[in-house]
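User: Please take a close look at one part of this model for me, a run of paired strands, and then set it in the context of its surroundings.

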Amino acid sequence: MGDTRDDTGKTTGAGSTGPGTYDVVVVGGGAAGLSAALVLARARRRVAVVDAGEPRNAPAEHAHGFLTRDGTPPAELLALGRAEVAGYGAELLRGRVEHIEPGFVVRLDGGAVLLARRVLVATGLRDELPELPGVREHWGAGVLHCPYCHGHEVRDQPLGVLGTGQGAVAQALLLRQWSPDVVLFAHTLRLSEDDRERLDARGVRIVAGEVKALTSEGGRLSGVELADGRTVPRTAVFVFPRMVPRDELLTRLGCVRDEGGPVPVGPSGRTAVPGVWAVGNAVDPRALLVTAAGAGAAAAFELNHDLVAEDTEAAVLAARAADGGVPPGG
């Protein structure tokens, strides 16, 4: 069984001497997972965080809407979080969880094995982008998704919205809050009369015709090229990607997705499978960075209380055994 190394190259967690045993193994080291690990480590729980190092927001230059850290580069924000979590004794493992067996036996790529009393899955989601030239190349810079995350940075600029899904109309209406010049490129989207009325009332211009590609100048997004040869200048374009939860570990453990939606969880991230919690974009595609961090903390509170209840029950049974198996007053 191979060693697992953290970001500094130091050997941590499971090594050649045998599997590591933890109160909680957190799968995913983004805002949700690290926030949960911080609370649990401060509660003196033995915690391991396993992270593959592939954050969803890696293409973005800055993270926004996170109080006291607004404008921080995502990589820097995660580095700060890892340092805080490690400072309380949590173990940070770089790797990918390939499988979780009931019990819980957590198997990592490379052969490392962790044993856990509980697991928290915070694996996020992946964005499936429309296959149009220029979209992927400018993703996170000139091509954006969340107005609350990036709208302020492109305020008052000529903005576009690609009509690649039903969310495009709502996105265009929302973006009008940040700029007076918003164009919805209908592309393949069929707009109802109600859609057109609302867009017109809001001051959003509709451009008909299929989009051929996004154009650039000097490495920066410059416009939207249509199939008929027209190019409409834009400095930023918003697109509503198909958001696919990374929830394979959850479904293999027996969690069942809602019809057309993610795995359902309780208010603090508890799933229907005993001992399994899930937070962040893996179960809430709409969660912002700060929302995911809050969900991680809430899950950690409930996880610790759940462990305390189990610890208390074990202590009671041990005390009874020491007294000959007779409960107090028996």
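Analyst: A good place to begin is a single pair of residues: Val 105 has Leu 115 in β8 as its bridge partner. The model is a predicted one, and this pair belongs to the antiparallel pairing of β7 with strand β8 (residues 113-121), which extends over three bridges. The two strands form a hairpin with four residues between them, and in that turn Gly 110 has a positive phi of about 95°.

On the other side of the sequence from this turn, β7 (residues 105-108) is also joined to strand β6 (residues 97-101), here by four bridges and again with the strands running antiparallel. Within that pairing Ile 100 stands opposite Val 106 of β7. β6 and β7 likewise form a hairpin, with three residues between them, and the turn holds Gly 103, whose phi is positive at about 140°. In general, strands of a sheet pair through backbone hydrogen bonds, in either a parallel or an antiparallel sense.

Antiparallel pairing is also found later in the chain, where three strands form an open sheet in the order β14-β15-β16. Its edge strands are β14 (211-217) and β16 (231-233), each of which pairs on one side only, and the twist from one strand to the next averages 30°. Strand β15 (residues 220-226) pairs with β16 over three bridges in the antiparallel sense, and Gly 223 stands opposite Pro 233 of β16.

Arg 220, which lies within the residue range of β15, is also one of the residues nearest the centre of the second largest pocket, together with Glu 61, Ala 141, Gly 142 and Val 154, out of a lining of 18 residues. That pocket holds about 440 Å³ of space, and its lining divides into six nonpolar, nine polar and three charged residues.

For the helical part of the surroundings, helix α1 (residues 31-42) and helix α7 (residues 289-322) have axes that come within 7 Å and cross at roughly 35°, and the crossing is right-handed. On the α1 side the contact is made by Ala 31, Ala 32, Ser 35, Ala 36, Val 39 and Leu 40, while the residues contributed by α7 include Leu 289, Gly 296, Phe 301 and Asn 304. By class, the residues of this contact comprise 12 nonpolar, three polar and no charged.

Definitions and conventions:
Residues numbered from 1 in each chain as written. Predicted model: local features only at pLDDT ≥ 70, side-chain atom pairs only at ≥ 80, totals over all residues. Heavy atoms only, no water. 1 Å grid on protein atoms, 1.4 Å probe; cavity = no way out; pocket = protein on both sides within 12 Å on 5 of 7 lines; lining within 4 Å. Points joined across faces, edges and corners; volume = space filled by probe spheres on them. Nonpolar A, V, L, I, M, F, W, Y, C, P; charged D, E, K, R; others polar. Pairing = 2+ DSSP bridges. Axes fitted to C-alpha atoms, helices over the stretch in contact; angles between N-to-C directions. Left-handed = near helix turned anticlockwise from the far one by under 90°. Contact = heavy atoms within 4.5 Å.
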